[in-house]
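Me: I would like to learn how to read this model. Could you take me through it feature by feature?

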Amino acid sequence: MASIGSRLVLISAFLAATASPRTTGSTSPTNIIPRQCPNQPAGRLEYDPLRTCPLPGLLGIIPDIEPSSETPWTSMPKCVTDEQENNKNATRVHCIFADGNFRNGHGVSLITTTTVASHLVGLEAFNDKPSSPEARKQNAVPAYEIVDIEGRGKGVVATRDIRRGEIIMVDVPAVLVGTEFLQDVKAHHRRRLIKRAINQLPAATRREVWSLSRNTGKYEIDAIMGANANSVAVSDDGIHLGIFPKVSRINHSCRPNAYYRFSEKRLTMEIVSYTAIDKGEEITLSYVPLETKREERRKYLKDNWDIDCECSLCKATDFDQNESEVSRRRINELRDSVLNARNNGYFQDAINIAEDWHVVSEWERVPPLAPEYHDILAELYFRKGEMVNATRFGRMALDEWVKFGSVDDDQLEQARLFLNEVWPVAEKRRKGE
C-alpha cells in the first residue's frame, strides 16, 4: 500500500515532468535522438517507486524456439548486439518484440532492450481486459475527426464542444523505439529493423503507419519517424520514440489547446484539453517547449518539420509575444520554487507559490490539471499539519480523478489512499487526542 511519503514522489515527478517539452526526431541519424525529456505537463500516470518486475535478461522474455503462451509476442524476437560507443568492450542487446494481439488487434512492435521488455511484461502492460477503460473509450463516439486542413495536411478537429481538462483522444503506439537502440546501432541496420518492426504489425495498423505524413528526409523510415514520433518515458531511464497513429495527426501550435499524458503501465497516450474547445476548432499540441523564445522556436520548427508557424501567438504583436515569453518563463520559475520550498520544509511558502503558479498558468492558458493541482495542495497542507484543508483538497482531487476517467487508475487510487491516511489523523485532531 502506498503511503503519504510515496505521494511526495508524485509531487516531485509532477513538478519535474511539467518542465519537459515534447520532442521528436529529425531526419539525420544523430538528431533523431531527443535531446530533451518528453512533454508530459501532467506528469507520468504512475508514481509507485516500489514496483517490481521479472528479472531482466533473456529468461522468460525470449522464447527458446517459437512464440509461446508464456510471453505476449506473436513473432519470434529478432535481436542485434552492438558495441556501446562509450565502452567498446560492452554490449547491449536490442530486440524487436511484436504483439499482434495488443489492444484488440491494433498490435505493437517494440525495439528495445530485454530489460525494458521485461519491465513492461512485469507491469502487465500488454494485457487486454475487455472491461478496461481503454476498451470503453475506444468504443465511445470520438470527440474529434481527422480531416484535411488547408496548408497543414491532415489535422484533428473537434466534432463537439470539449470541456477544459477533458480526455479528447486515447491512442496506443504502433511502434516504440528505444533511444539506446538509435545510439548503438548503425544507421542502415537501424532503418532495416524499424521497417521490419512496422511490417510485423497487423495489416490495418501497418497501413496506418505507412500512410502518415513524412518530412523531407532522404530515407523513408527517417522521414516517417522524424515527422511523427513522440518521445515517452518507458521504465525509469528509458526514453523511447513512439509512433501513435492518431496522435501523429495533431498539428502544432505555439499556443496549444491540448497536451498529452503517457502511461507506461497501459502503454497508452491520452490527449487532454488545456482549455474549452469549440466544435469545429482544430485540436493542437506544442512540438517545442512552451517557454522557448520565438526565434528559437521558429527555427526549431523549421529545421525539424519544415514548419513556418502561423499560429495566433506567432502572428501576435511583439509586445504580446514578449509578455507570453515572460509568463511562460515565470511558470517554470514558480514551479521550481514550489518544489524547493517543499523540500526545505517551507510548506506555507510552497502553498502561496503554488497559488501564484496556478494564476500565471491560467493567464497563459496552460493550467495544470485540476486533480493534480489539488493533490499537491492536499499534500502540502498535510505536511503543514492543517488536516481540514488537507482533507478538503484531498476530497476535491479524488472527485476530479473519478470524473477525469483516465485509462490508468494509479492516481485515483493514490488519492483514495491519501484520504484513508488523512481521515484518522484529522479525527484525532478534532477530538483533541
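**Reading the model**

Reply: Start with the weak part of this predicted model. Over residues 1–61 the pLDDT stays under 50, and for this stretch the model has 172 contacts beyond four places in sequence.

Me: Where in the chain is confidence lowest, and where is it highest?

Reply: The low end is helix H1 (residues 4–17), with a mean of 43, and the high end is helix H7 (residues 203–210), at 96. For the chain, the mean pLDDT is 80, with 78% of residues at 70 or more.

Me: How do I describe two packed helices?

Reply: Two numbers are used: the angle between the axes and the distance between them. Here, take helix H6 (residues 187–199) and H7: their axes come within 9 Å and cross at roughly 135°. H6 and H7 are therefore oblique to each other.

Me: Which residues of H6 and H7 make the contact?

Reply: H6 contributes Lys 195, Ile 198 and Asn 199, while H7 contributes Arg 206, Val 209 and Trp 210. Sorted by class, the contact has 3 nonpolar, 1 polar and 2 charged residues.

Me: Now the sheet. What is the order of its 3 strands?

Reply: The order is E6-E12-E11, in an open sheet with antiparallel pairing. Strand E6 (167–171) and strand E11 (258–263) are the edge strands, each pairing on one side only. On average, neighbouring strands of this sheet are turned by 20° against each other, direction ignored.

Me: How many bridges join E6 and E12?

Reply: E6 pairs with strand E12 (residues 268–273) over 4 bridges, in the antiparallel sense. Ile 167 has Val 272 of E12 as its bridge partner, and Asp 171 stands opposite Met 269 in E12.

Me: And how many bridges join E11 to E12?

Reply: E11 and E12 run antiparallel and are joined by 6 bridges. The bridge partner of Ser 263 in E12 is Thr 268. E11 and E12 form a hairpin with 4 residues between the strands, where Leu 267 takes a positive phi near 45°.

Me: How do I read the two faces of a strand, and are those of E12 covered or not?

Reply: In a regular strand, side chains alternate between the two faces of the sheet. In E12, Thr 268, Glu 270 and Val 272 lie on one side and Met 269, Ile 271 and Ser 273 on the other; all are buried, and both faces are covered. The count for E12 is 6 of its 6 residues buried.

Technical notes. Residues numbered from 1 in each chain as written. Heavy atoms only, no water. pLDDT = per-residue confidence, 0-100. Contact = heavy atoms within 4.5 Å. Pairing = 2+ DSSP bridges. Axes fitted to C-alpha atoms, helices over the stretch in contact; angles between N-to-C directions. Parallel < 35°, antiparallel > 145°, perpendicular 65-115°, else oblique. Nonpolar A, V, L, I, M, F, W, Y, C, P; charged D, E, K, R; others polar. Buried < 20%, exposed > 50% of the residue type's maximum accessible area, 1.4 Å probe, protein only.
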